[in-house]
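Hi,

Here is the structure I promised to pass on. Have a look at it first, and then read my notes underneath.

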Amino acid sequence: MSLYPIIRPLAFALDAETAHRATIAALKLAPKRRPPDFPDSLRSTVAGLDFPSPVGLAAGFDKNAEVPEHMLGLGFGFVEVGTVTPEPQAGNPKPRMFRLVEDKAVINRLGFNNQGQAEAWLRLRECRHLAGIIGVNIGANKDSADRIADYAAGVQAMSPLARYVTINISSPNTPGLRQLQDEGALKALLSAVSEAREPGGPPVFLKVAPDLGEGEPDQIVRAAIQHGVDAIIVANTTVSRPALKSRHRDEAGGLSGAPLKPLALKALRDFRAASGGKIPLIGVGGIATAEEAWERMRAGASLVQLYTAMVYEGPGIARRIALGLAARLKREGIASISEIVGADA
Ligand SMILES: Cc1cc2nc3c(=O)[nH]c(=O)nc-3n(C[C@H](O)[C@H](O)[C@H](O)COP(=O)(O)O)c2cc1C
């Protein structure tokens, strides 16, 4: 039985960031559990990694790599920690994270608050022996004189302990960061990253925004394939504002959760059309049910991630979605989840 219906009102009585800190603190006190055994039909190999379930935890929940194994134990098939920057940084002034309850959404303008890569490194070193895929999402410091060098340094620093490294150039809360998605800047960034990679190192993923202009997915896909990027994560939070009901709707920052879903799905379809399946895609944004995960995978996602739905539904959500996918595969007589990827593309 899930305890979340009891815990949620307590957590929601606190402001969003305090509730988040309390959640991480509580998780740290809980014993680590072995990840559940998922049905074989959910196994797939993406970018050379064997995923036990396609439902992962998106970046931003465990920014400092404090509880990745706990989250694997709760039923996420993989966990992306970070964003971590080379140097620690405080992020934007508080308040900077808002629950939009009526919209099942969150707006955040945290601004890469994190303890830095050295701290994350020490923690990740401790979880090396346990099974499970823990990826590391890296960013640039806000006041860095050379952001591209920050990404190259991040790849070098985190590769020894990361099962994959995500280049995050899509956070809306570090001014100018998303301009690294522009064609010229992206090529310079990706060639620096490719030089920083060691032979035999982990795969590198690129995380993009859902707010791209016409033609941009094509440019990004081309640059990514040319520079050996192993997968593209579509997408980060949006700076756009679909119709929202909650009192926090006008807060500045990135919007996530249910209202992001149509945009993130459209962005995924654009990337699938641009790539024709030549590079794996990871779908994220507004996924809360097995049906939504299924739709995203049929649209071209080899894997999915979520964060905001967990705020509203509790951490059991990953396992519920995974088992829902497995049940549907069985119902439809499909042996493996990888068979549905891109079926609607
Ligand atoms: C509070 C919060 C913090 C986030 N921080 C990060 C981050 O540090 N790095 C990152 O790549 N994405 C970050 N994200 C974006 C999520 O990883 C994800 O792309 C986005 O929230 C859409 O998924 P969702 O609708 O399931 O939450 C953050 C999201 C939220 C809600």
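Let's start with the ligand, which has 25 residues around it. Those that come nearest are Ala59, Thr83, Lys207, Gly286 and Thr308. Keep in mind that this is a predicted model, so please read every distance and angle below as computed from predicted coordinates.

Three contacts to ligand oxygen are worth pulling up on your screen. Lysine 207, already listed among the nearest residues, has a polar side-chain atom 2.8 Å from an oxygen atom of the ligand. For lysine 63, an N or O atom of the side chain is 2.8 Å from an oxygen atom of the ligand. Tyrosine 307 uses its backbone instead: one of its backbone N or O atoms lies 3.0 Å from a ligand oxygen.

Next, some backbone oddities. As a reminder, most peptide bonds are trans, and most residues other than glycine have a negative phi. Here are the exceptions I noted:

- Glycine 82 to threonine 83 is a cis peptide bond, with omega near 15 degrees. Threonine 83 sits in strand E4, residues 78-84, and is also one of the residues that come nearest to the ligand.
- Lysine 94 and proline 95 are joined by a cis peptide bond as well, and omega there is about -5 degrees. You will find proline 95 in the loop between E4 and strand E5 (97-100).
- Alanine 65 is not a glycine, yet its phi is positive, near 55 degrees. Alanine 65 belongs to the loop that runs between strand E3 (55-57) and helix H3 (68-73).

Now for the helices. Two packed helices are described by the angle between their axes and the distance between the axes, and I have three pairs for you.

How do H4 and H5 lie relative to each other? Helix H4 (residues 117-126) and helix H5 (residues 147-158) have axes that come within 10 Å and cross at roughly 20 degrees. Angles under 35 degrees count as roughly parallel, so H4 and H5 are roughly parallel to each other. Their crossing is right-handed. On the H4 side the contact uses Gln117, Ala120, Trp121 and Leu124, and these meet Ala153, Gly154, Ala157 and Met158 of H5. By class, that gives 6 nonpolar residues, 2 polar and no charged.

The second pair is helix H7 (residues 216-226) with helix H8 (residues 261-275), where the axes come within 9 Å and cross at roughly 55 degrees. H7 and H8 are therefore oblique to each other. This crossing is right-handed too. Pro217, Asp218, Ile220 and Val221 from H7 meet Asp270, Phe271, Ala274 and Ser275 from H8. The contact of H7 with H8 divides into 5 nonpolar residues, 1 polar and 2 charged.

H8 turns up again in the third pair, packing with helix H9 (residues 290-298) at an angle of about 25 degrees, with the axes 10 Å apart. That makes H8 roughly parallel to H9. From H8 the contact takes Lys261, Ala264, Leu265, Leu268 and Arg269, and from H9 it takes Glu292, Glu295 and Arg296. What classes of residue make up the contact of H8 with H9? There are 3 nonpolar residues, no polar ones and 5 charged.

Cheers

Technical notes
Residues are numbered from 1 along each chain as its sequence is written. This is a predicted model: local features need pLDDT of at least 70, side-chain atom pairs count only at pLDDT 80 or more; totals for chains, interfaces and linings use all residues. Side-chain values use heavy atoms; hydrogens and water are left out. Axes are lines fitted to C-alpha atoms, for helices over the stretch in contact, and angles run from 0 to 180 degrees between N-to-C directions. Helices (H or I, at least four residues) and strands (E, at least two) are DSSP runs, numbered from the N terminus. Angles under 35 degrees count as roughly parallel, over 145 as roughly antiparallel, 65 to 115 as roughly perpendicular and the rest as oblique. A crossing is left-handed if the near helix is turned anticlockwise from the far one by less than a right angle, and right-handed if clockwise. Contact means heavy atoms within 4.5 Å. Ala, Val, Leu, Ile, Met, Phe, Trp, Tyr, Cys and Pro count as nonpolar, Asp, Glu, Lys and Arg as charged, and the others, Gly among them, as polar. A residue is near a molecule or strand if one of its heavy atoms lies within 4 Å of it. A polar contact is a pair of N or O atoms within 3.5 Å; within protein, one must be able to donate a hydrogen and the other to accept it, and residues adjacent in sequence count only if both atoms are side-chain atoms.
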